[in-house]
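Let's take a friendly walk through this model together, starting with the packing inside and then moving out to the loops. Have the viewer ready, and follow along as we go.

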Amino acid sequence: TLSSISTAVNTTTGELDTTRTGVHTVQYRVQVGVLVATKFRNVTVGQPQSTGGMLLNPDFALGTAGWTDPSVVYNESGSSIEFDTEDGALKVVVVTSPVAYAPRFGQMNVPFEIDTTYEVSFRAKSSAVKPINLNAGELLTSAPWFTDFKPGQPETRTIGTEWATYSYTFTHRLDNQR
């Protein structure tokens with residue numbers, strides 16, 4: 001028999017959904033007569049590698065891979081975030097908190113070039129009209145916790161209940177060595 005606490009493992013077929021990053025624990029159990037052998041195995045699925053673009057998995061062809069990195073996903077003050085894909089789009093279910101930076105998701109190690117202007121653009125819709133903060137920068141492991149590649153106030157967009165395109169531009173002025 002095969003069992004797993006990870007929902008990425010199909011215990012009927014034994015297949016692992018390799019678009020679901022992280023460590024997945026699988027238990028194999030074989031019984032022959034009265035002899036029983038049990039083996040646990042941890043299978044680690046890493047983040048995908050970029051195929052030449054700036055983002056990993058920008059079209060969600062690999063499910064949520066590239067968007068659920070635990071070093072970026074953050075919850076605080078009762079917030080929560082769940083990821084899935086639906087009809088070729090990233091589906092993010094959130095419970096908000098009173099702090100502007102939670103919940104948070106995104107990608108690190110995006111190869112921005114100094115003195116280059118970028119347009120951040122995405123299509124989105126929400127089950128309820130909701131303002132969101134948009135940032136481009138680098139998360140840090142200690143104070144000040146974030147290097148803002150677009151100094152000033154965060155970009156805020158109000159996501160409506162119908163699909164729409166949202167965007168903003170900024171000129172990257174820091175040499176972030178990526």
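Two residues are in contact here when they have heavy atoms within 4.5 Å of each other. Keep in mind as well that this is a predicted model. With that in hand, try selecting Phe 170. Setting aside residues up to four places away in sequence, Phe 170 touches Phe 112, Thr 116, Thr 117, Tyr 118, Val 120, Ala 136, Phe 149 and Lys 150.

Several of those partners turn up again in the nonpolar core. The largest such core has 8 residues, and Phe 170 is one of them. The others are Val 110, Phe 112, Tyr 118, Leu 134, Ala 136, Phe 149 and Tyr 168. This fits a broad pattern: in soluble globular proteins, nonpolar side chains tend to be buried together.

Now zoom out to the whole chain. What does its secondary structure consist of? There are 11 strands and 0 helices, so reading from the N terminus the pattern is simply β-β-β-β-β-β-β-β-β-β-β. The chain is more spread out than a compact globule, because its radius of gyration is 20 Å, well over the 16 Å that the globule rule gives for 178 residues. Along the principal axes, the C-alpha atoms fill a box of roughly 70 × 40 × 30 Å.

A few totals round out this overview. Of the 178 residues, 26% are buried. The accessible surface is about 11,800 Å², and carbon and sulfur atoms account for 52% of that area. If you look at contacts between residues at least 6 apart in sequence, 48% of them join residues at least 24 apart. As for charge, the chain carries 13 positive and 17 negative charges, and the mean positions of the two sets are 6 Å apart.

Next, the loops. Asn 57 sits in the loop between strand 3 (35–45) and strand 4 (80–86). Is Asn 57 buried or exposed? Its relative accessibility is 8%, and since buried means under 20%, Asn 57 counts as buried. Beyond its neighbours within four places in sequence, Asn 57 is in contact with Leu 62, Gly 63, Thr 64, Ala 65 and Trp 67. Its backbone is worth a look too: Asn 57 has a positive phi of about 55°, although it is not a glycine.

Ser 77 lies in the loop between strand 3 and strand 4 as well. Phi of Ser 77 is positive, near 55°, and this residue is not a glycine either. At 44% relative accessibility, however, Ser 77 counts as partly exposed.

Two peptide bonds leading into prolines also deserve a click. The bond from Ala 102 to Pro 103 is cis, with omega near -5°, and Pro 103 is placed in the loop between strand 5 (89–95) and strand 6. Ala 143 and Pro 144 are likewise joined by a cis peptide bond, with omega about 15°. Pro 144 belongs to the loop between strand 8 (137–139) and strand 9 (146–148).

Our last stop is Lys 125, in the loop between strand 6 (116–124) and strand 7 (130–134). Lys 125 counts as partly exposed, at 46% relative accessibility. Leaving aside neighbours within four places in sequence, Lys 125 is in contact with Ile 159, Gly 160, Thr 161, Glu 162 and Trp 163. For a final distance check, Lys 125 and Asp 69 are 56 residues apart along the chain, and their C-alpha atoms are separated by 23 Å.

How values were computed
Residues numbered from 1 in each chain as written. Predicted model: local features only at pLDDT ≥ 70, side-chain atom pairs only at ≥ 80, totals over all residues. Heavy atoms only, no water. Helix = DSSP H or I, 4+ residues; strand = E, 2+ residues; numbered from the N terminus. Rg over C-alpha atoms; globule rule 2.2 N^0.38 Å. Buried < 20%, exposed > 50% of the residue type's maximum accessible area, 1.4 Å probe, protein only. Areas by Shrake-Rupley, 256 points an atom, 1.4 Å probe, with all protein chains shown as cover. Lys, Arg positive; Asp, Glu negative; His and termini not counted. Charge placed at Lys NZ, Arg CZ, Asp CG, Glu CD. Core = buried A, V, L, I, M, F, W, Y, C linked by side-chain atoms within 4.5 Å.
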